[in-house]
Amino acid sequence: MSVDAAFRREFGRSPAGTWAAPGRVNLIGEHTDYNDGYVLPIALSHHVSVTAAPRDDHMLRLVSHQADGRGELAIDDLAPGRVTGWAAYPAGVVWASRQRGHHVGGLDLLIDGDVPPGAGLSSSAALECATAMAVADLYDIDLAGRELAELARHAENEFVGVPCGVMDQAASVLCTAGHALLLDTRSMAATQVPFDPAADDLALLVIDTRAPHRLVDGAYAARRRSCERAAATLGVTALRDIDVDGLDAVLAALPTEELRARTRHVVTENARVEHFVELLRAGRLVEAGPVLTASHVSLRDDYEVTCPELDTAVEATLAAGALGARMTGGGFGGCAIALLPGARVRACVTEVHQAFERSGFAEPAAFTATPSDGARRVR
Ligand code: GAF
């Protein structure tokens, strides 16, 4: 059934259009975005789509084919904490738009897509960004690019209650095909860096460990608080301000081993992003694998956000000939990525499956990623 027919069946009228926003994987720069640091995501070819029509009243009617559910909300009653589950993301975008003084009336929204939810591939940011684009177009709001990403992030922080940084929403909006997005999350300067593993006979494999990933859990917020405490103790605005040269002397000023480890991760991770980008720009992607693996080790040992499934995925891909591998996204479950010769993809996937089976983990899923375009109107 076409999306128009599906919309008509659900809402009894025709839609005004469809907007689609992609999920992402982050190549490197993890847990740096709420420290004013650098990130380097690519958009995936997987999308969340929002087919929408404005309404004359102030009702928000929502149907999700992805999450198999529906909701009906009065937009004048929207307030942080009042909506839970997947509906909080589109409702949060409507709320955040109105908070910023934009006139937004009622909407019918049909949500669909193929970004696996709960896998750490930013299905929620994609839903927010597709909704924000639909709302902006339908209510004639001059909102695009960074500002749209900031609004989506505002919805997630304030309405949904997840204290995330801006990476996922920025990736979903600003990425372009064939490129990784180098984002300075302090200045929001965005640079497109050509990223084409196939040109070097390489592939970027994404392994969904299927270990449940929940950002809402307190561990993400706790990491964030540790970073803020470390920055305050060191007298800097954010850990981004600490130079990797002379890091040991700086760390000695922190009171606990935990704060030293968290700080070491953030500072060295920012340096790894810069190094990775230098290699990319110099056409030396084949040499960049160890930088990815070093990021994983830092996230495992210093930042403590990996889990047995992520560590196993990384070890198995390296054993099967990957040049480098790491967890991607918030961690505590979700996905790992591996950079490997295209000819090793099959063997690598087999190795990961076998390693998961030996460990008694759920069966993982895998696909190769293609750097794709950011959010757009599709119809
Ligand atoms: C999650 C968050 F949403 C991002 O903002 C980022 O902090 C990431 O975890 C870790 O790099 O995806």
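A crossing of two helices is left-handed if the near helix is turned anticlockwise from the far one by less than a right angle, and right-handed if clockwise. By that rule, α3 and α5 cross in the right-handed sense.

This is a predicted model: local features need pLDDT of at least 70, side-chain atom pairs count only at pLDDT 80 or more, and totals for chains, interfaces and linings use all residues. Residue numbers start from 1 along each chain as its sequence is written.

**Helix pair.** The axes of α3 (residues 123–138) and α5 (residues 167–174) come within 9 Å and cross at roughly 55°. That makes α3 oblique to α5. Oblique covers angles outside the other classes: under 35 degrees roughly parallel, over 145 roughly antiparallel, 65 to 115 roughly perpendicular. A125, A126, E128 and C129 in α3 meet D168, Q169, S172 and V173 in α5. Contact requires C-beta atoms, placed from the backbone, within 7 Å.

**Domains.** The assignment, automatic or from a database, gives domain 1 (3–191) and domain 2 (195–368). Their centres, taken over C-alpha atoms, are 26 Å apart. In contact are 28 residues of domain 1 and 39 of domain 2.

**Ligand.** The ligand is surrounded by 11 residues, the closest being E30, C164, G165, M167 and G330. Near means a C-beta atom, placed from the backbone, within 6 Å. Each domain gives at least three residues to this shell.

Residue classes at the three sites:

| Site | Nonpolar | Polar | Charged |
|---|---|---|---|
| Ligand shell | 4 residues | 4 residues | 3 residues |
| Domain 1 side touching domain 2 | 15 residues | 10 residues | 3 residues |
| α3 contact with α5 | 4 residues | 2 residues | 2 residues |

How values were computed
Ala, Val, Leu, Ile, Met, Phe, Trp, Tyr, Cys and Pro count as nonpolar, Asp, Glu, Lys and Arg as charged, and the others, Gly among them, as polar. Two residues are in contact if their C-beta atoms, placed from the backbone, lie within 7 Å. Axes are lines fitted to C-alpha atoms, for helices over the stretch in contact, and angles run from 0 to 180 degrees between N-to-C directions. Helices (H or I, at least four residues) and strands (E, at least two) are DSSP runs, numbered from the N terminus.
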